[in-house]
Amino acid sequence: MVLTRDRIVEAAYGLLREYGLQDISMRRISSSLDVRPGALYYHVPNKQDLLRLVARRALAPLQDAPEPPFQLMLRLRSTLLSLRDGADLVLIAYALDPELPPVPALVEGLRADGAGAVQAGERAAVLMRCALGLAAVEQNARLFSSSAADQGETLYAQAVRAVLEHDPEPHCFEHRSTAV
């Protein structure tokens with residue numbers, strides 16, 4: 001079978017589901033595909049880009065999701081927690097690709113709720129950073145059987161609601177210098 005970027009991403013996604021983020025290495029992927037590690041670099045330039053592609057694969061069901069923003073964020077949490085190390089993977093990928101799903105659908109939903117283009121983009125960025133952090137803490141707490149996992153769903157919902165219900169001034173997240 002011909003080696004393609006899609007085959008590499010699917011192999012990496014399978015390793016993530018089975019073993020977790022720490023076991024996604026170019027060597028392990030190449031071994032699962034029965035090719036030399038160098039062959040992978042013809043299709044993906046580096047591991048960071050591969051992780052971004054795997055995150056896009058995992059989040060594909062949220063690409064054009066028509067739900068309201070709150071429901072979309074709940075689906076994001078569910079998607080992240082259903083995938084071993086999903087929150088950590090998407091944290092890494094989001095730093096590289098801030099337009100990962102569900103961001104475009106989230107911005108569209110916020111605009112439909114009356115936010116301007118800039119405000120919708122800013123609010124989506126805050127929601128994503130907040131959601132990814134909360135999901136990562138919850139997922140890691142579960143991994144280590146910590147009681148911090150017990151409130152994960154409640155805290156996540158409260159945080160998402162707080163960001164959605166907050167009515168900031170336009171451009172409230174931009175850095176402003178103050179003269180003294």
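A salt bridge here is a side-chain nitrogen of Lys or Arg within 4 Å of a carboxyl oxygen of Asp or Glu. This is a predicted model, so local features need pLDDT of at least 70 and side-chain atom pairs count only at pLDDT 80 or more, while totals for chains, interfaces and linings use all residues. Residues are numbered from 1 along each chain as its sequence is written, and side-chain values use heavy atoms, with hydrogens and water left out.

**View 1. Arginine 28 meets aspartate 23.** The two side chains form a salt bridge at 3.5 Å, N to O. Arginine 28 has 31% relative accessibility, so it counts as partly exposed, and aspartate 23, at 23%, gets that label too. (Buried means under 20% relative accessible area, exposed over 50%, partly exposed in between, with a 1.4 Å probe and protein chains only.)

**View 2. A salt bridge inside helix H4.** Aspartate 49 pairs with arginine 52, and their closest N and O atoms sit 2.9 Å apart. Both belong to H4 (residues 47-59), three residues apart, or about one turn of the helix. Helices are DSSP runs (H or I, at least four residues) numbered from the N terminus. Both partners are buried.

**View 3. Glutamate 138 and arginine 142 in helix H8.** Here the closest N and O atoms of the salt bridge are 2.8 Å apart. The partners are four residues apart in H8, about one turn of the helix. Glutamate 138 is buried, at 2% relative accessible area, whereas arginine 142 is partly exposed at 45%. Elsewhere, salt bridges with shared partners link Asp49, Arg52, Arg56 and Asp97 into one network. The structure holds eight salt bridges.

**View 4. Helix H8 packs against helix H9.** The axes of H8 (residues 117-143) and H9 (residues 152-165) come within 10 Å and cross at roughly 170 degrees. Axes are lines fitted to C-alpha atoms, for helices over the stretch in contact, and angles run from 0 to 180 degrees between N-to-C directions. H8 and H9 are therefore roughly antiparallel, a label for angles over 145 degrees. Among the residues in contact (heavy atoms within 4.5 Å) are Leu127, Cys130 and Glu138 of H8, plus Tyr156, Ala159 and Val163 of H9. The contact residues split into eleven nonpolar, one polar and three charged. Nonpolar covers Ala, Val, Leu, Ile, Met, Phe, Trp, Tyr, Cys and Pro; charged covers Asp, Glu, Lys and Arg; the others, Gly among them, are polar.

Technical notes. Helix = DSSP H or I, 4+ residues; strand = E, 2+ residues; numbered from the N terminus. Parallel < 35°, antiparallel > 145°, perpendicular 65-115°, else oblique.
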